[in-house]
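Work through these exercises with the structure in view. Try each task before reading its solution.

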Amino acid sequence: MATAAVLIPIKSFDVAKGRLTDALEPAERAVLAERMAERVVRAAAPLPVFIVCGDESVRAFAERLGARVIWREPRGLNAAVTDGVEHLRGEGVERVIIAHADLPRATSLAWVAKAADVIDGVVLVPDRRNDGSNVMCLPTSADFVFAYGVGSAAAHEAEAHRLGLRFEQRIDADLGWDVDTPEDLAPDIRSLISITNATTYPPTEPAPKATSMTAAQNPLTPAAVRFTHGTSNLPTPERALAIGAHPDDVDFFASATLAKWAADGCEVSVLVCTDGSKGTWDPDADQADLIATREREQEAAARAFGATGEVGFLRQVDGELESTLVQRAQVAHWIRKLRPNVVLGHDPWKRYRLHPDHRNAGLLACEGIVAARDPKFFPDQEFPHHRPDALLLWEADEPDHAEDVQGFVQKKYDALLAHESQFESTMKATNDDELNVFRARVLGKLEAAGAASGFDVAEIFKLIDDL
Ligand SMILES: [Zn+2]
């Protein structure tokens with residue numbers, strides 16, 4: 001990967017954000033400007049940060065955060081950026097990420113350099129009005145003529161083409177949120193003003209997503225999400241049971257929905273059909289260890305998204321799950337025992353699905369319900385028969401039900417990131433950069449499902465409520 005650095009031009013905190021004069025006192029504007037800039041500097045990690053400025057208080061700010069200063073007398077944003085890029089080229093930096101300082105929801109910038117590396121060109125993250133150039137990464141060797149100001153995203157795209165550079169625009173809801181006008185001051189952003197201890201942020205909960213990227217815009221997202229408009233947002237069930245083939249399937253496909261219900265008092269339980277013993281790329285891995293590790297991880301994941309019910313394991317051999325009367329009785333037992341109002345599972349009829357465990361786990365969820373609901377099936381079982389109200393199938397061939405998961409994306413990350421043994425083989429994320437790409441991919445899927453179903457972020461299912 002080319003050497004990269006982040007360049008942030010900051011004129012001054014005092015005169016910053018004149019368009020906010022009606023909404024904020026001058027002192028508040030200055031505090032907000034500094035707090036937002038701090039978010040951007042922190043989001044640059046692990047890349048080095050250079051701040052172009054000609055202002056003593058900005059210099060002090062940069063030094064406090066360990067950023068380098070490129071000192072220039074103020075003469076406009078385009079000149080400041082041009083000088084900064086030239087300086088970095090002189091220092092041997094090959095790719096520069098130029099970031100505005102007013103991105104209060106910035107959490108990660110390094111992925112932009114990675115994306116630029118992949119296409120070997122220019123990557124631009126526009127503001128959410130698709131007008132400004134909030135973040136842009138380009139080779140320092142290009143004699144790029146900057147055109148910050150109104151319409152800069154289009155101007156910068158034209159400039160990239162003029163220079164014969166490949167160009168890609170990437171939508172990012174967090175980086176797309178800059179603060180120009182009072183309407184931009186969402187509550188989480190206003191709250192930055194009143195945070196007195198600068199070391200307490202970034203807050204652990206990310207800001208709620210305010211914009212959504214469409215599937216077509218987000219390269220990490222499948223091109224299209226099929227969704228037939230049907231229903232959305234079931235009433236929070238009293239009890240829910242999610243049945244996955246492997247440890248982590250429930251978290252991949254339903255944990256944001258389950259987190260939402262759990263937060264509203266639903267007793268969420270998880271049942272995993274296989275032992276996960278093939279979930280490794282290491283041919284020498286001890287499978288007994290792996291099984292134990294994955295069970296612990298699944299329990300941690302369920303707690304991470306807020307589940308308060310049971311986490312059960314059928315411990316069938318990974319890759320060899322069958323859907324026979326034996327397993328059907330086991331699933332019926334768990335349904336009768338836990339008495340869920342809603343059961344969730346894999347769609348066994350998803351076309352072109354290769355993995356037999358996912359198909360069979362899906363069949364078991366369906367057939368387990370049929371067996372559980374009728375008293376004459378497995379009449380010797382310990383618990384009385386039980387009929388759930390609804391079945392939600394994830395990864396559905398014909399999804400027709402959406403659950404709005406706004407506010408529960410972080411819980412989904414938390415659940416997924418509990419599966420540490422899977423970082424290499426499934427998440428393809430063994431360092432911070434890759435984890436950010438992974439998070440972006442998860443978010444992209446939620447946003448694509450949301451775009452298809454009328455929400456910012458959603459998990460979508462096939463709903464069967466005639467059980
Ligand atoms: Zn799986």
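The exercises below go from model confidence to domains, sheets and helices.

This is a predicted model, in which local features need pLDDT of at least 70, side-chain atom pairs count only at pLDDT 80 or more, and totals for chains, interfaces and linings use all residues. Residues are numbered from 1 along each chain as its sequence is written.

**Exercise 1. Find where the confidence stays under 50.**

Start with the score: pLDDT is the predictor's confidence in each residue, from 0 to 100. The protein averages 89, and 93% of the residues score at least 70. Now look at residues 196–223: pLDDT stays under 50 there. The model has 57 contacts beyond four places in sequence for this stretch. A contact means two C-beta atoms, placed from the backbone, within 7 Å.

**Exercise 2. Divide the protein into domains and describe how they touch.**

Take the bounds from an automatic or database domain assignment. Domain 1 covers 4–200, and domain 2 covers 231–464. Their C-alpha centres lie 40 Å apart. Next, count the touching residues: 5 of domain 1 are in contact with 5 of domain 2. On the domain 1 side these are 3 nonpolar, 1 polar and 1 charged. Nonpolar covers Ala, Val, Leu, Ile, Met, Phe, Trp, Tyr, Cys and Pro; charged covers Asp, Glu, Lys and Arg; the others, Gly among them, are polar.

**Exercise 3. Trace the sheet that runs from S3 to S7.**

Helices (H or I, at least four residues) and strands (E, at least two) are DSSP runs, numbered from the N terminus. Two strands pair if DSSP finds at least two bridges between them. The order is S3-S2-S1-S4-S6-S5-S7, an open sheet of 7 strands with mixed pairing. Strands S3 (68–71) and S7 (166–169) are the edges, each pairing on one side only. Neighbouring strands are turned by 20° against each other on average, direction ignored. Zoom in on S2 (residues 49–53): 4 bridges join S2 to S3, and the two run parallel. Ile 51 stands opposite Val 69 in S3. Finally, add helix H5 (residues 152–162), which lies across S5, S6 and S7 at about 175° to S5. Axes are lines fitted to C-alpha atoms, for helices over the stretch in contact, and angles run from 0 to 180 degrees between N-to-C directions.

**Exercise 4. Why is one side of S8 and of S11 left without a neighbour in the sheet?**

First get the order: 8 strands form an open, mixed sheet, S8-S14-S15-S13-S12-S9-S10-S11. S8 (231–232) and S11 (311–316) stand at the edges with a single partner strand each, so one side of each has no neighbour in the sheet. Now check a pair inside the order. Strands S14 (residues 401–404) and S15 (residues 458–464) run antiparallel, joined by 4 bridges. His 401 stands opposite Phe 461 in S15. Helix H8 (residues 287–305) packs on this sheet, touching S10 (267–274) and S11, with its direction at about 150° to that of S11.

**Exercise 5. Is helix H11 largely enclosed or open?**

Count C-beta atoms, placed from the backbone, within 10 Å of a residue's own: 20 or more others make it buried, 12 or fewer exposed, and in between partly exposed. In H11 (residues 409–416), 7 of the 8 residues are buried, so the helix is largely enclosed by the rest of the structure. Among them are Val 409, Tyr 413 and Leu 416. The buried residues pack against H7 (249–263), H8 and H13 (432–453).
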